Amino acid sequence: MPRQVIKPNHSALEQSGLKAAAWAGDSLNLREIPEAAIIHLQGFPGKEPTQYEQLGLPMAAGQCDGGSPAVLCLGPAEWLIVAEAIGAADLQRQVTRQLAADQAVVNDRSDGLCLFRLSGAAAPWLLNKLSCLDFQLAGQSSAHCARTRL
């Protein structure tokens, strides 16, 4: 049986054989965002937190700023920076310029991670099924994030 060759720059859904990049139902919408830039920023141990605070990064795990690009704090000195309007290479250069070489490692994870946008009244219910967190209790106004695996 010949091996299937996955072409670069194909979305995760295209790689899985699905042609549609979105699904819409009565109370749930799911849309893949293949053009999203996803940058992983990992601070070096022993650096003062104020160095990262000065950059405007959220400092508490699970906190996010919700701006554009969005910055999600995954843990102490670890962030994901996600942008839809900026390419991954440009975003990585932008982040790298703001940091001293001995402060952090900046990696492009755009090809290794997949970003989906969930919306609709049933979105918290679906997220509850995919995680041990209570998304229905969190409410609409919280500026917090959680990384889950589908």
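1. A word on terms before anything else: a residue is called buried when its relative accessible area is under 20%, exposed when over 50%, and partly exposed in between, using a 1.4 Å probe on protein chains only. What you have here is a predicted model, where local features need pLDDT of at least 70 and side-chain atom pairs count only at pLDDT 80 or more, while totals for chains, interfaces and linings use all residues. Residues are numbered from 1 along each chain as its sequence is written, and side-chain values use heavy atoms, with hydrogens and water left out.

2. On to the cysteines. Cys-73 counts as buried because its relative accessibility is 1%. Cys-114, at 34%, counts as partly exposed. A disulfide is a covalent bond between the sulfur atoms of two cysteines. Searching the whole structure for one (a pair of cysteine sulfur atoms within 2.5 Å) turns up 0 disulfides. As for the protein overall, 27% of its 150 residues count as buried.

3. Now the general layout. There are 5 helices and 7 strands, taken as DSSP runs numbered from the N terminus (H or I and at least four residues for helices, E and at least two for strands). Going along the sequence, they come in the pattern α-β-β-β-α-β-β-α-β-β-α-α.

4. One sheet is worth walking through. Strands of a sheet pair through backbone hydrogen bonds, either parallel or antiparallel. This one is an open sheet of 3 strands in the order 1-2-7, with antiparallel pairing; two strands are said to pair if DSSP finds at least two bridges between them. Its edge strands, each pairing on one side only, are strand 1 (22–24) and strand 7 (116–119). Neighbouring strands are turned by 10 degrees against each other on average, direction ignored; axes are lines fitted to C-alpha atoms (for helices over the stretch in contact), and angles run from 0 to 180 degrees between N-to-C directions.

5. Same sheet, pair by pair. Strand 1 leads to strand 2 through a hairpin of 4 residues, and the two pair antiparallel over 3 bridges. Across that pairing, Ala-22 faces Arg-31 in strand 2. On to the other pairing: strand 2 (residues 29–32) and strand 7 run antiparallel and are joined by 4 bridges, with Leu-30 opposite Leu-118 in strand 7.

6. Two backbone spots to look at. Most residues other than glycine have a negative phi, and most peptide bonds are trans. The bond from Ser-68 to Pro-69 is cis, with omega near 5 degrees, and Pro-69 sits in the loop between helix 2 (49–53) and strand 4 (70–75). Ala-77, not a glycine, has a positive phi of about 55 degrees; Ala-77 is in the loop between strand 4 and strand 5 (78–83).

7. Last, the second largest pocket. A pocket is an open set of points on a 1 Å grid over the protein atoms alone, where a 1.4 Å probe fits, with protein on both sides within 12 Å along at least five of seven lines; lining residues have an atom within 4 Å of a point. This pocket holds about 180 Å³ of space, the volume being that filled by probe spheres set on the points, which are joined across faces, edges and corners. Its lining has 13 residues, with Leu-57, Val-71, Ile-81, Val-95 and Gln-98 nearest the centre. Helix 3 (residues 88–97) gives the largest share of the lining, 3 residues. By class the lining has 9 nonpolar, 3 polar and 1 charged residues, where Ala, Val, Leu, Ile, Met, Phe, Trp, Tyr, Cys and Pro count as nonpolar, Asp, Glu, Lys and Arg as charged, and the others, Gly among them, as polar.
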